[in-house]
Amino acid sequence: MATAAQAGAQAPAAGRGSRTKQEPTGTDRIPKPSQGWYRVPGTDIKLRRVTTILNQGFPKPQLVFWAANLTAADAFATLPKLVAASLRPEDKEEAYDWLRKGHIRKKDERGEIGGAVHDVIEAHVLGQPIPENFLSDEEIAPFIDHFLRFVSDWEIEFEASEMTVGNFTDGWAGKLDYLFRSAPIAYLLKVPPQTLFIGDTKTGGELDEKGVYPEAGAQMSAYRRAEVCWLRDGTQLPMPKIHDVGIVLHLRPEGYRPMPLKCGDDVYEAFRHVHALAEFQRVLAKSVVGEALTLPTRTEERAA
């Protein structure tokens with residue numbers, strides 16, 4: 001995180017909320033996520049979590065088809081067992097529950113791999129050794145190899161990893177994957193070699209087919225427009241200037257692809273609309289539909 005530190009910028013005020021009696025210090029100053037919000041320590045400020053905003057406000061029709069296809073595949077793969085269970089009332093409910101939760105199991109599996117990959121990246125950025133249990137894991141090791149190849153091939157110089165950022169004006173916060181510089185990427189995008197980029201890693205889908213979606217650009221556009229960032233020691237600084245094209249590193253066991261995604265001001269405006277839709281779902285949607293109307297009786301009509 002040398003970028004903000006080397007800039008010598010002064011930390012801005014923590015926000016508009018009232019202070020508690022005991023001022024937070026050190027890492028306790030970094031907002032932590034809780035139930036879809038980031039609470040700014042020492043203040044009354046709550047900032048909506050970026051991933052929560054996108055989950056609630058961004059349409060994801062591809063997930064519907066993915067879950068349906070996964071359920072169909074699970075059904076055919078276990079058809080004899082399902083047929084047998086359908087004939088026994090004591091087994092039918094359990095089989096039904098297993099079948100309908102297939103997408104949850106798959107997401108959990110991918111989440112474990114994705115979490116491990118992020119831990120590897122963070123260790124690399126901090127100059128720490130990669131945990132031996134990851135290197136010896138047959139499922140995770142290929143991801144590590146391809147990540148290290150990406151770093152070497154594209155001359156990646158990391159500036160920050162897993163950094164919390166926030167925007168007090170628009171009311172959100174989140175944790176970006178990493179900030180970096182890359183002379184080859186800068187050359188291809190026709191920008192100065194020391195340009196700072198925002199990066200994200202995706203481990204799902206299939207290489208060159210699916211796994212990188214537009215909402216990743218919306219997410220990075222929000223982080224790019226953060227007003228402040230928190231360093232690892234808890235220091236709050238202004239967000240450094242970041243290029244309006246981010247890079248999603250699509251990591252799969254068979255290889256990797258650096259995918260450029262637009263994350264400029266126009267994409268951020270779309271994110272703000274998504275934020276508004278998410279707020280509609282959270283607040284106003286609960287009161288939009290009223291109770292069904294019934295015809296008044298004659299007595300009620302006369303009384304009116």
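Two strands are said to pair when DSSP finds at least two bridges between them. With that rule in hand, good morning, and let us turn to the structure above, which is a predicted model.

I begin with strand 5, residues 172–182, and strand 6. These two strands run antiparallel and are joined by three bridges, so they satisfy the cut-off of at least two. One place to look is Tyr 178, whose bridge partner in strand 6 is Gly 199.

What does strand 6 pair with in the parallel sense? The partner is strand 9, residues 245–252, and four bridges connect the two. Here you may find Lys 202, which stands opposite His 250 of strand 9.

Strand 6 itself covers residues 197–202, and five of its six residues are buried. The strand is therefore largely enclosed by the rest of the structure.

I now move to the aromatic rings. How many aromatic pairs does the model contain? The count comes to nine. One of them is formed by Phe 150 and Tyr 256, an edge-to-face pair with 5.8 Å from centre to centre and 70° between the planes. Planes over 60 degrees apart count as edge-to-face, which is why this pair receives that name.

Where do these two residues lie? Phe 150 belongs to helix 8, residues 141–153, and Tyr 256 to strand 10, residues 255–262. Because they sit in these two elements, the pair ties together parts that are 106 residues apart in sequence. Phe 150 has a relative accessible area of 1% and is buried. Tyr 256, at 8% relative accessibility, counts as buried too, because the cut-off for that word is under 20%.

Please set beside this the rings of Tyr 268 and Phe 271. Their centres are 5.8 Å apart and their planes meet at 25°, so this pair is stacked. Both residues lie in helix 11, residues 265–288, three residues apart, which is about one turn of the helix. Both of them are buried.

Ring pairs also build a cluster, linking Phe 147, Phe 158, Tyr 178, Phe 180 and Phe 197. You have already met Tyr 178 as the bridge partner of Gly 199.

My final stop is Trp 37. Which residues place a charge over the ring of Trp 37? Lys 46 lies over the face of Trp 37, at 4.5 Å from the ring centre. The charged end of Arg 48 also sits over the ring of Trp 37, 4.5 Å from its centre.

Thank you for your attention.

Technical notes. Residues numbered from 1 in each chain as written. Predicted model: local features only at pLDDT ≥ 70, side-chain atom pairs only at ≥ 80, totals over all residues. Heavy atoms only, no water. Buried < 20%, exposed > 50% of the residue type's maximum accessible area, 1.4 Å probe, protein only. Phe/Tyr/Trp six-rings, centres within 6.5 Å; stacked < 30°, edge-to-face > 60°. Lys NZ or Arg CZ within 6 Å of the ring centre and 35° of its normal.
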